[in-house]
Amino acid sequence: MDNISSRYEIPRTAEFLRGRAYTRVALQFPDELLKDAAPVARALRRELGGGGTKLFVMADTAYNSCCVDEVGASAIDAQCVVHYGHSCMSPTSNLPAFFVFGKAPLDVGACCRSLLDCSRESNKPILVLCGLEYAHALDDLKGAAAELCKSDSCNHEIQYADVMCSEMSPSSSPTAEEQCRQSNESTHNDDLANFVNSCCNVEGSMRKYNLGGLTWSISIDDKIDDYLLYWIGQDNSAFANVALTFNKCDIVRYDTVENQLSRDVSHLMKILRRRYYLVEKAKDANIIGILVGTLGVAGYLDIIEQMKNVIKAAGKKSYTLVMGRPNSAKLANFPECEVFVYVSCAQTALLDSKEFLAPVITPFEAVLAFSRGREWTGEYLLDFKDLITSEKPEVASRSTEARFSFIKGGYVEDDFPQALIVLVSWFMYVFLLSSKSYLYFDHLSTENEEHPETSLALAELTEKALSVRNQNNDAVLYQGGAKSAIDYLKARSYRGLTGEYEVAPDTVLIGRTGRAAVYSDEKTKQ
């Protein structure tokens with residue numbers, strides 16, 4: 001019981017609940033800690049000494065276990081949520097939260113020796129980051145490293161990140177208006193790289209960074225890219241968030257299980273390259289599904305509305321889908337969506353969509369894909385709250401420059417002069433007359449017919465000249481020509497016997513009647 005009380009910080013939790021006089025408290029456990037839920041609830045009830053406080057254990061969260069489950073807590077009318085285990089520290093919308101990260105074991109001596117060895121080999125200043133479950137050992141690590149540095153005459157700068165907070169109130173988190181104001185002050189619409197600096201605020205002569213529940217400061221004269229990031233913990237979503245956000249930094253990871261240093265982060269760089277491929281694929285999509293992956297993170301409604309505006313401004317159609325935790329079976333029910341935008345917390349935003357029928361991208365990647373003129377500079381952002389702006393995107397105008405599609409392998413949306421269209425169409429006409437193909441030439445007019453002044457004018461004329469006989473009526477399903485779910489379902493749905501069928505069935509068969517247990521033409525067993 002003493003181990004439970006220490007590891008789950010029972011006295012400190014009880015002090016927090018008593019100080020605010022909460023009477024209905026939800027205890028949220030991830031799956032790996034459910035075995036301790038009953039002992040923790042009993043110990044906490046004993047520490048509170050009765051007092052009329054009711055405790056409710058929550059498991060199997062509606063979305064992600066790293067986020068505070070405000071939906072489940074509201075079902076029991078809870079006044080507060082005590083969150084146990086790993087957390088993304090995303091701000092809550094309605095309920096206050098108290099976080100107990102746990103105390104994962106760490107060999108401080110081995111970690112300290114590895115840190116100093118890394119300091120001797122590198123000529124860069126070191127920034128020590130860690131999983132929140134190892135934050136309890138940072139003070140011991142600082143002391144041990146300081147003693148060894150004195151004896152070894154270590155002069156390299158070693159800086160340590162701190163835990164941002166263990167208590168969170170929705171009233172203390174920035175409102176949507178404040179987020180918009182801060183975003184507009186710290187970013188420029190034409191410089192996408194500045195989005196990444198949204199997790200950094202300048203305070204006097206220091207730059208203060210906040211990411212994944214950790215906070216640290218560096219001099220305003222220094223750059224974060226000049227630091228060596230030393231991560232203590234497992235290769236999980238928190239580490240991926242740090243590695244992808246600061247992908248220009250040198251990063252090493254101390255494996256707390258194997259007690260050894262790992263310098264290989266190539267698998268994360270492969271993820272970054274795949275994300276770039278998904279951005280290029282999303283540019284060619286017409287129907288976009290917006291997946292709601294959270295109902296508790298502050299600002300999720302604002303980013304959903306912003307995604308709708310960005311998609312609409314790009315001339316595409318969007319549909320908002322709420323389905324809990326997404327999987328391939330759920331998303332397969334929406335085959336008309338060519339790409340999905342997943343609105344979730346920073347540490348669960350990278351949904352592996354290799355087994356899905358359509359790719360799943362993040363809001364940051366959606367801004368890159370659907371905003372004409374945006375270019376990816378290599379910077380990356382996972383926290384959607386830094387994308388929220390108060391400015392509504394303008395409807396995209398016809399661009400005079402062609403956009404090269406890496407997926408289709410050619411230029412799309414290009415403006416061709418009318419003379420060039422006529423010239424190319426004539427050469428195509430001559431080619432068709434001289435070739436023995438199974439294509440026929442449809443009447444092509446360039447004088448009396450009014451062509452839309454779009455960048456796809458040549459493609460439209462080419463489509464008329466190269467019309468294939470016996471075209472598949474469902475070609476919209478395979479060519480991505482559907483502009484909305486209605487168009488897709490219209491081509492996909494069976495509409496019965498109509499005049500579109502050239503040959504009607506010779507005979508009509510009468511099916512069986514009755515119940516499935518015993519049809520009318522079956523003999524009843526006596």
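A strand here is a DSSP run of E with at least two residues, numbered from the N terminus. With that in hand, strand β9, covering residues 200–203, is where you'll find Asn 201. Keep in mind that you're looking at a predicted model.

Let's stay with Asn 201 for a moment. Its relative accessible area comes to 38%, so it counts as partly exposed. If you set aside the neighbours within four places in sequence, Asn 201 touches Met 206, Arg 207, Lys 208 and Asn 210. Ser 217 sits 16 residues away from Asn 201 along the chain, and the two C-alpha atoms are 9.3 Å apart.

Now zoom out to the sheet. Strand β9 belongs to an open, antiparallel arrangement of four strands, which reads β7-β11-β10-β9 in order. Both β9 and β7 (162–163) are edge strands, each pairing on one side only. In general, strands of a sheet pair through backbone hydrogen bonds, in either a parallel or an antiparallel way. At the β7 end, the partner is β11 (residues 214–219), which runs antiparallel to β7 and is joined to it by two bridges. Want to see one of these in the model? Look at Asp 162, whose bridge partner in β11 is Thr 215.

Next stop, helix α10, which spans residues 300–313. Its 14 residues carry it 20 Å from the first C-alpha to the last, close to the 20 Å you'd expect at 1.5 Å a residue. Which of its residues are buried? They are Tyr 300, Ile 303, Ile 304, Gln 306, Met 307, Asn 309, Val 310, Ile 311 and Ala 313. The cover over these buried residues includes three strands, β15 (287–292), β16 (317–322) and β17 (339–343), along with helix α12 (363–370). Step just past the end of α10 and you meet Gly 315, which adopts a positive phi of about 80 degrees.

Finally, the cysteines. A disulfide is a covalent bond between the sulfur atoms of two cysteines. How many disulfides turn up in a search of the whole structure? Zero. Take Cys 66: the nearest cysteine sulfur belongs to Cys 345 and lies 3.6 Å away, while the cut-off for a disulfide is 2.5 Å. Cys 66 has a relative accessibility of 6%, so it counts as buried. For Cys 67, the nearest cysteine sulfur is again that of Cys 345, this time at 3.4 Å, and Cys 67 is in no disulfide either. Cys 67 is buried too, because its relative accessible area is 9% and buried means under 20%.

Conventions
Residues numbered from 1 in each chain as written. Predicted model: local features only at pLDDT ≥ 70, side-chain atom pairs only at ≥ 80, totals over all residues. Heavy atoms only, no water. Expected span 1.5 Å × (residues − 1). Buried < 20%, exposed > 50% of the residue type's maximum accessible area, 1.4 Å probe, protein only. Contact = heavy atoms within 4.5 Å. Pairing = 2+ DSSP bridges.
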